[in-house]
Amino acid sequence: MFFLARVRLESLKKHYGSVRAIDGVSINIESGQLVVLLGPSGCGKTTTLRCIAGLEQPTMGKIYFDDREVTHLSPSERNVGMVFQFYALYPHMNVYENITFPLRACRVPRKAIETKVKEVVQIFQLGGLLRYKASILPPGDQQRVALARAVIRDPNVLLLDEPLSALDEKFREEMRSELGKLQKRIGITTIYVTHDQREAMALGDVIVVMKDGVIVQMGSPEELYEHPQSVFVGNFLGTPGMNFVECLYDNGLLFLEGTEHRLSLKRSDLFAKLSSYQGKEVILGIRPEYVSLFEKSFENGLSIAILAIEPAGRYRLVDFLIGERVFRVRTDWSLPLIVGHKVYLYFSEDHICLFDRSSGEAIVT
């Protein structure tokens, strides 16, 4: 049904006067992949998507669909389908009229339209809704109608700009799962913009993390979660994000700032990577689930009082204060914990990340 295009961005830039909305973005997207552009508001992800769609002209750089340069082509010449945060359906039209509008606008023969409608109705499970006005449908059905309208013209690329952010939390989770299954079923090359890292982790084959108009890291969800290349990525991905503690490194020891605690590193591979940081400050990063709690002392255990306990289903989030930073641990319910009491924290050395204090870039992941 679809012609699956590869998408390539080469040194793409978009400047608005002195504002550099995107500043040298290069991405290779394979056909059939779902790639997520992830980052906080103002990072350049939507501007990048609009350049791919042809709604914005880049200041510099090139855009390719397969080996065809489309940088200066209009949206209609690029053959892209796009769904926005607000679905922009025509409220006075029924579902059938909304879905077929792009084909009728291009004067596609009626017989061909009917064939296409049968295909997308089956894909998006809209058979019983065709005669209903779009305005009376619940949000999930409106989303399916918007997606059906976007793909009925057989686009080379499907572009999704925050398509779930207007939904409530519970319904968003359901639609996220449905959208992921749908994309895999139809196999269309998809670029998805979101600020929600949970959506990115759940949906993306590849996640492109952006900040201040540039790509700070790109890779699989697992790669970005386990091996963040900067403090920014470690903090942005994860619920909650990675813990960070300022430390002084000295001959295999990490002295935790603001405390009397120190960690003795055992991994020999760390020593070589830290050789140039002797006597210097670094940042230790570790995920909340890679810290263990114990009642008794042991080597490398840190004795710290519990600051707060937050139930989170089958887990608890336990807060501590290390220096001036709140440090969160995710643990089960097996150990009795009381706010104000001291327990021993143990950091899994295999999951420790170390970052340069001044740049925030990774030394060890």
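## Briefing: strands, buried sites and enclosed spaces

F355 has A362 in β21 as its bridge partner. Strand β20 (residues 353-356) and β21 are antiparallel and joined by two bridges. The model is predicted. The points below start with the open sheet that holds these two strands, then turn to a second strand pair, a buried helix, two buried residues and the spaces inside the structure.

**The six-stranded open sheet**

- The strand order is β13-β12-β11-β14-β20-β21, and the pairing is antiparallel.
- β13 (262-264) and β21 (362-364) are the edge strands; each has a single partner, so one side of each has no neighbour in the sheet.
- From one strand to the next, the twist averages 40 degrees.

**Two hairpins in that sheet**

- Strand β11 (residues 243-250) pairs with strand β12 (residues 253-256) in the antiparallel sense, through four bridges.
- In this pair, D250 faces L253 of β12 as its opposite residue.
- Two residues separate β11 from β12 in a hairpin, and N251 in the turn has a positive phi of about 50 degrees.
- β12 also runs antiparallel to β13, with three bridges between them.
- L253 is used here too: S264 in β13 stands opposite this residue.
- The β12-β13 hairpin has five residues between its strands, and G258 in the turn takes a positive phi of about 80 degrees.

**The β15-β19 pair**

- Strand β15 (residues 291-294) and strand β19 (residues 342-347) are antiparallel and share four bridges.
- V291 has F347 in β19 as its bridge partner.
- Side chains alternate along β15. V291 and L293 point to one face and are buried. S292 and F294 point to the other face and are not buried.

**Helix α1**

- Helix α1 (residues 45-53) has nine residues, and seven of them are buried, so the rest of the structure largely encloses this helix.
- Its buried residues are K45, T47, T48, L49, C51, I52 and A53.
- G54 follows just after α1, with a positive phi of about 95 degrees.

**Q217, a buried residue in a strand**

- Q217 is part of strand β10 (residues 214-219).
- Its relative accessibility is 6%; buried means under 20%, so Q217 counts as buried.
- A polar atom of the Q217 side chain lies 3.0 Å from the backbone oxygen of H227.
- H227 is also one of the residues that Q217 touches, once those up to four places away in sequence are set aside. The others are I207, V208, V209, E223, L224, P228, Q229 and V233.

**F124 and the largest cavity**

- F124 belongs to helix α4 (residues 110-124).
- Its relative accessibility is 2%, so F124 counts as buried.
- Beyond its neighbours within four places in sequence, F124 contacts R144, L147, A148, V151 and L182.
- F124 and L179 are 55 residues apart in sequence, yet their C-alpha atoms are 10.0 Å apart in space.
- The structure has two cavities of 30 Å³ or more.
- The largest cavity holds about 60 Å³ of space.
- F124 and L179 both line the largest cavity. The rest of its lining is L34, L147, V151, L158, L160, L182, Q183, I186, I188 and T190.
- α5, β7 (157-161) and α6 (169-186) are the elements that give two or more residues to this cavity lining.
- The largest share, four residues, comes from α6.
- Among the contacts of F124, L147, V151 and L182 are also in the lining of the largest cavity.

**The largest pocket**

- The largest pocket has about 470 Å³ of space.
- It is lined by 21 residues, and V80, G81, M82, P102 and R153 are the closest to its centre.
- α2 (75-78), β6 (80-83), α3 (95-105) and α5 (139-151) each bring at least two residues to the lining.
- β6 gives the largest share of the pocket lining, with four residues.
- Helix α5 serves both spaces: it gives at least two residues to the pocket lining, and two or more to the lining of the largest cavity.

Note on methods. Residues are numbered from 1 along each chain as its sequence is written. This is a predicted model: local features need pLDDT of at least 70, side-chain atom pairs count only at pLDDT 80 or more; totals for chains, interfaces and linings use all residues. Side-chain values use heavy atoms; hydrogens and water are left out. Buried means under 20% relative accessible area, exposed over 50%, partly exposed in between (1.4 Å probe, protein chains only). Contact means heavy atoms within 4.5 Å. A polar contact is a pair of N or O atoms within 3.5 Å; within protein, one must be able to donate a hydrogen and the other to accept it, and residues adjacent in sequence count only if both atoms are side-chain atoms. Two strands pair if DSSP finds at least two bridges between them. Axes are lines fitted to C-alpha atoms, for helices over the stretch in contact, and angles run from 0 to 180 degrees between N-to-C directions. On a 1 Å grid over the protein atoms alone, a cavity is a set of points where a 1.4 Å probe fits but cannot get out, and a pocket is an open set with protein on both sides within 12 Å along at least five of seven lines; lining residues have an atom within 4 Å of a point. Grid points are joined across faces, edges and corners, and a volume is the space filled by probe spheres set on the points.
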